[in-house]
Every structure is written in structure tokens, then in C-alpha cells.
Amino acid sequence: MNGSAMIAVVPQCQPDPVWPAQVRTSCPDCTARLELLRVIPGRAAEYWTLRCAGCGGIHMDIVDRPRG
């Protein structure tokens, strides 16, 4: 190489928040573990996008926000 280097930018993962009881933790199709991809905030609820570690399926759960 001529002194140049390639650097990959890897996004830092946030620690998983506490999973509310209403969020599935296993895939309804193959029963493998679900991994949290993204939490999308909404006015009255959060939308949790989850990916199955087994079959790769994408699932979404709607999580009610605590009223306060």
C-alpha cells in the first residue's frame, strides 16, 4: 500500500432498553430469539422493529407509552 488506509465506520449499538411485557422476545414463525433493530417514537406509542436471529424475519410491535 502507498500509505493510504481504509477505515470502516461501524455504528455503535445502544444497549437494549428494558423490554416491556407486551413485546415478543421470540419469533412467532420459528421461535428463535428476536433482536431489536430500531425503536421509532410516536405520540401515544413506540414502534419496535425486531429481526429474528433464526429465520431473518422482520416483526414490528407497538408498545404503549406510560401515561404520566
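## Methionine 60 and the surface patch

Methionine 60 is partly exposed, at a relative accessible area of 47%. This value comes from a predicted model. The residue belongs to strand 3, which covers residues 58-64.

Methionine 60 also takes part in a nonpolar patch on the surface. The other members are Ile40, Tyr47 and Ile62. Together the four residues offer about 360 Å² of accessible area. Patch members need over 30% relative accessible area, so methionine 60, at 47%, clears that cut-off.

## Overall make-up

The protein chain has three strands and zero helices. Read from the N terminus, its elements run β-β-β.

The chain has 68 residues, and 22% of them count as buried. It exposes about 5700 Å². Carbon and sulfur atoms supply 54% of that area. Take the contacts between residues at least 6 apart in sequence: 28% of them join residues at least 24 apart.

## The sheet

The three strands form an open sheet. Their order is 1-2-3, and the pairing is antiparallel. Strand 1 (34-41) and strand 3 are the edge strands. Each has a single partner strand, so one side of each lacks a neighbour in the sheet. On average, neighbouring strands are turned by 25° against each other, direction ignored.

Strands of a sheet pair through backbone hydrogen bonds, in either a parallel or an antiparallel sense. Here, strands 1 and 2 run antiparallel and are joined by seven bridges. One bridge pair is valine 39 with tryptophan 48 in strand 2. A hairpin of three residues connects strand 1 to strand 2.

Strand 2 covers residues 45-52. Its pairing with strand 3 is antiparallel and spans seven bridges. In that pairing, alanine 45 stands opposite aspartate 64 of strand 3.

## The salt-bridge network

Side chains of opposite charge can pair when their charged atoms come close. The count for this model is two salt bridges. Arg33, Glu35 and Arg51 are linked by them in a network.

Glutamate 35 meets arginine 33 at 3.4 Å, N to O. Glutamate 35 also meets arginine 51, at 3.9 Å, N to O. Arginine 51 lies in strand 2 and glutamate 35 in strand 1, so this pair ties together parts 16 residues apart in sequence. A salt bridge requires nitrogen and oxygen within 4 Å, so the pair at 3.9 Å qualifies.

How accessible are the three residues? Arginine 33 counts as exposed, at 54% relative accessibility. Glutamate 35 is partly exposed, at 27%. Arginine 51 is partly exposed too, with a relative accessible area of 36%.

## A buried aspartate in strand 3

Aspartate 61 lies in strand 3. Is this residue buried or exposed? It is buried, because its relative accessible area of 9% falls under the 20% cut-off.

Which residues does aspartate 61 touch, leaving aside those up to four places away in sequence? The contacts are Gln22, Val23, Arg24, Glu46, Tyr47, Trp48 and Leu50. Among them, Tyr47 is also a member of the nonpolar patch. Trp48 is the bridge partner of valine 39.

Terms used. Residues numbered from 1 in each chain as written. Predicted model: local features only at pLDDT ≥ 70, side-chain atom pairs only at ≥ 80, totals over all residues. Heavy atoms only, no water. Patch = residues over 30% accessible without salt bridge, like charges linked within 9 Å, V, L, I, M, F, W, Y side chains within 5 Å. Areas by Shrake-Rupley, 256 points an atom, 1.4 Å probe, with all protein chains shown as cover. Salt bridge = Lys/Arg side-chain N within 4 Å of Asp/Glu carboxyl O. Helix = DSSP H or I, 4+ residues; strand = E, 2+ residues; numbered from the N terminus. Buried < 20%, exposed > 50% of the residue type's maximum accessible area, 1.4 Å probe, protein only. Pairing = 2+ DSSP bridges. Axes fitted to C-alpha atoms, helices over the stretch in contact; angles between N-to-C directions. Contact = heavy atoms within 4.5 Å.
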